[in-house]
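Student: Could you pick one part of this model and take a close look at it with me? I'd like one connected walk through how that part is put together.

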Amino acid sequence: NMSGNLRSNISIGLSVKVVQKQHQRSGILTAGVVAKILTNSPNHPHGIKVKLEDGTVGRVKEILA
């Protein structure tokens, strides 16, 4: 499974599961399609931050092939 911590693994239009900031403790994941990549650094220990097509912002935890 590809890591959501590497920006190079994530592209616009990719199906992913993210954790929203308010769900970090509970670990609830939200599935969606990447509309915008918000993290500029090549990697992030907690996951690359993205905006999904429905407007949800979260950090990528899973990449759905």
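Tutor: Let's start with what counts as a pair: DSSP has to find at least two bridges between two strands. By that rule β1 and β2 are a pair, since five bridges link them in the antiparallel sense. Keep in mind that we're looking at a predicted model, and that the part I've picked is the sheet.

Here's the setting. The protein chain has four strands and zero helices, and from the N terminus on it reads β-β-β-β. The four strands make a closed barrel in the order β1-β2-β3-β4, with antiparallel pairing. On average, neighbouring strands of this sheet are turned by 75° against each other, ignoring direction.

Now go round the barrel pair by pair. Between β1 and β2, one place to look is V18, which stands opposite T30 in β2. Next, β2, covering residues 29–37, pairs with β3 over three bridges, in the antiparallel sense. There you'll find I37 opposite V50 in β3. Moving on, β3 and β4 are antiparallel too, with three bridges between them. V50 turns up here as well, standing opposite G58 in β4. What closes the ring is β1 with β4: residues 15–19 and residues 57–64 run antiparallel and are joined by five bridges. Along that seam S15 faces L64 in β4, and K17 has E62 as its bridge partner.

V50 came up twice, and β3 is a nice strand to slow down on. In this strand, residues 49–52, the side chains alternate. V50 and L52 are buried and point to one face, while K49 and K51 point to the other face and are not buried. Both V50 and L52 belong to the largest nonpolar core, which has 11 residues in all. Its other members are I10, L14, V16, V18, V34, I37, I48, V60 and I63. Every one of β1, β2, β3 and β4 gives two or more residues to this core.

V60 is a good residue to click on if you want to see how the core hangs together. Setting aside sequence neighbours within four places, V60 is in contact with G4, I10, V16, K17, V18, G47, I48 and V50. That list includes G4, a residue in the segment before β1. Buried or exposed, where does G4 fall? G4 counts as buried because its relative accessibility is 4%, with the cut-off for buried being under 20%. Beyond four places in sequence, G4 touches I10, G47, I48, V60 and I63. The C-alpha atoms of G4 and V34 are 12 Å apart, with 30 residues separating the two along the chain.

The segment before β1 also holds N9. N9 counts as buried too, because its relative accessibility is 19%. Its side chain has a partner for its polar end: one polar atom of the N9 side chain lies 2.9 Å from the backbone oxygen of S3. Not counting residues up to four places away, N9 touches M2, S3, L14 and I63.

For contrast, head over to the turn. β3 and β4 form a hairpin with four residues between them, and G55 in the turn has a positive phi of about 95°. D54 sits in that loop between β3 and β4. D54 is classed as exposed because its relative accessible area is 57%, and exposed means over 50%. The D54 side chain still has a polar contact, with the side chain of T56 at 2.8 Å. From D54 to V34 the C-alpha separation is 9.2 Å, for residues 20 apart along the chain.

Finally, zoom out to the protein chain as a whole. Why does its overall size fit a compact globule? It fits because a compact globule with 65 residues would have a radius of gyration near 11 Å, and the value here is 10 Å, which agrees. The C-alpha trace spans about 25 × 25 × 20 Å along its principal axes. Buried residues make up 37% of the 65. And if you take contacts between residues at least 6 apart in sequence, 48% of them join residues at least 24 apart.

Note on methods
Residues numbered from 1 in each chain as written. Predicted model: local features only at pLDDT ≥ 70, side-chain atom pairs only at ≥ 80, totals over all residues. Heavy atoms only, no water. Axes fitted to C-alpha atoms, helices over the stretch in contact; angles between N-to-C directions. Buried < 20%, exposed > 50% of the residue type's maximum accessible area, 1.4 Å probe, protein only. Polar contact = N/O pair within 3.5 Å; in protein donor to acceptor, adjacent residues only side chain to side chain. Contact = heavy atoms within 4.5 Å. Core = buried A, V, L, I, M, F, W, Y, C linked by side-chain atoms within 4.5 Å. Rg over C-alpha atoms; globule rule 2.2 N^0.38 Å.
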